[in-house]
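Dear colleague,

Please find below the structure that I am handing over for your consideration. A short account of the findings comes after it.

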Amino acid sequence: MGSLARQCHRPLVLDFLAPSTLRYHPSSYRSYHSTASKQFLRWDKTASPESSPSDSPKPKYVLSQQQREFLDSALRVNQAGELAATLIYTAQTPQVVRSHPHLRPLMKHMYDQEAGHFSTFNQMIAKHRVRPTAMYPVWEMAATFLGWSTGALGREAAMACTEAVETEIGSHYNEQVREILSWQADAESRGEELDEELKEMVDTFRRIRDEELEHLDHAVENDSKEAQPYDPLVNVIRLGCRTAIKISEKI
């Protein structure tokens with residue numbers, strides 16, 4: 001069932017596709033600024049005979065203002081999304097495990113991963129001085145209500161909620177990964193190199209994306225599609241996620 005779920009229900013993970021253009025909120029991203037001397041590394045004529053210009057490190061790829069704004073927006077949205085995920089599981093778990101005790105390890109596993117994601121983005125937000133979304137209090141209440149209400153509807157509805165949320169979140173992380181990889185391709189075409197911190201960031205986004213899609217598989221394996229009414233429930237939750245993402249990008 002897990003294999004079938006991965007084929008039928010996961011968002012496509014296509015890192016190599018060109019990203020779509022998004023709009024972002026401006027902020028500073030000092031970690032990726034480079035000086036002119038770093039942009040144009042010069043061959044040292046006093047170097048040893050064994051050395052050659054090809055041995056010199058590549059110039060660092062310098063992000064544009066729009067690219068820095070993209071990163072600010074991505075971190076802001078990701079932090080808000082992971083906060084919401086932890087609150088959904090917190091509200092769902094007591095109701096789900098009361099009727100289905102065997103699901104306690106699974107619910108804890110998914111919660112623990114979301115809490116780890118939230119911690120990761122809290123650190124990134126602080127490090128890069130990114131303003132969190134002003135909608136924080138609203139998302140806290142909305143996520144808690146969503147978790148409580150779907151938990152009250154039963155195991156299937158709770159899993160349908162996970163399926164809907166992770167479908168949207170997985171696709172959103174995938175867009176972020178594709179965008180940063182497009183920068184790497186641009187850097188290589190110029191003979192430049194992407195900053196190591198950006199390479200680590202895209203690896204983190206990939207790991208978290210894959211863990212979110214793992215949650216989607218768990219939901220489908222645990223009868224998310226048996227929820228009643230399935231289509232209206234999932235469609236409303238997915239629409240809510242997309243709306244929250246767009247708002248958090250700007251506010």
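The paragraphs below describe one helix, the loop that comes after it, and one helix pair.

Please note that this is a predicted model.

Helix H4 comprises 24 residues, 104–127. From its first C-alpha to its last, H4 reaches 35 Å, close to the 34 Å expected at 1.5 Å a residue. Its buried residues include the aromatic side chains Phe118 and Phe121, together with Met107, Met110, Glu114 and His117. The partners against which the buried residues of H4 pack are helices H3 (65–99), H5 (136–153), H6 (155–189) and H7 (196–221).

Just after H4, arginine 129 adopts a positive phi of about 55°. Valine 130 belongs to the loop between H4 and H5. With a relative accessible area of 4%, valine 130 counts as buried, because the cut-off is under 20%. Its C-alpha atom is separated by 5.8 Å from that of aspartate 72, although the two residues are 58 apart along the chain.

Two of the helices that pack against H4, H3 and H6, also meet each other. Their axes come within 11 Å and cross at roughly 160°; since angles over 145 degrees count as roughly antiparallel, H3 and H6 are therefore roughly antiparallel to each other. The crossing is left-handed. Among the residues making the contact are Phe70, Leu71, Val77 and Tyr89 of H3, and Val165, Tyr173, Ile180 and Trp183 of H6. By class, this contact has 13 nonpolar, six polar and three charged residues.

Yours sincerely,

Terms used. Residues are numbered from 1 along each chain as its sequence is written. This is a predicted model: local features need pLDDT of at least 70, side-chain atom pairs count only at pLDDT 80 or more; totals for chains, interfaces and linings use all residues. Side-chain values use heavy atoms; hydrogens and water are left out. Helices (H or I, at least four residues) and strands (E, at least two) are DSSP runs, numbered from the N terminus. The expected span of a helix is 1.5 Å times one less than its number of residues. Buried means under 20% relative accessible area, exposed over 50%, partly exposed in between (1.4 Å probe, protein chains only). Contact means heavy atoms within 4.5 Å. Axes are lines fitted to C-alpha atoms, for helices over the stretch in contact, and angles run from 0 to 180 degrees between N-to-C directions. Angles under 35 degrees count as roughly parallel, over 145 as roughly antiparallel, 65 to 115 as roughly perpendicular and the rest as oblique. A crossing is left-handed if the near helix is turned anticlockwise from the far one by less than a right angle, and right-handed if clockwise. Ala, Val, Leu, Ile, Met, Phe, Trp, Tyr, Cys and Pro count as nonpolar, Asp, Glu, Lys and Arg as charged, and the others, Gly among them, as polar.
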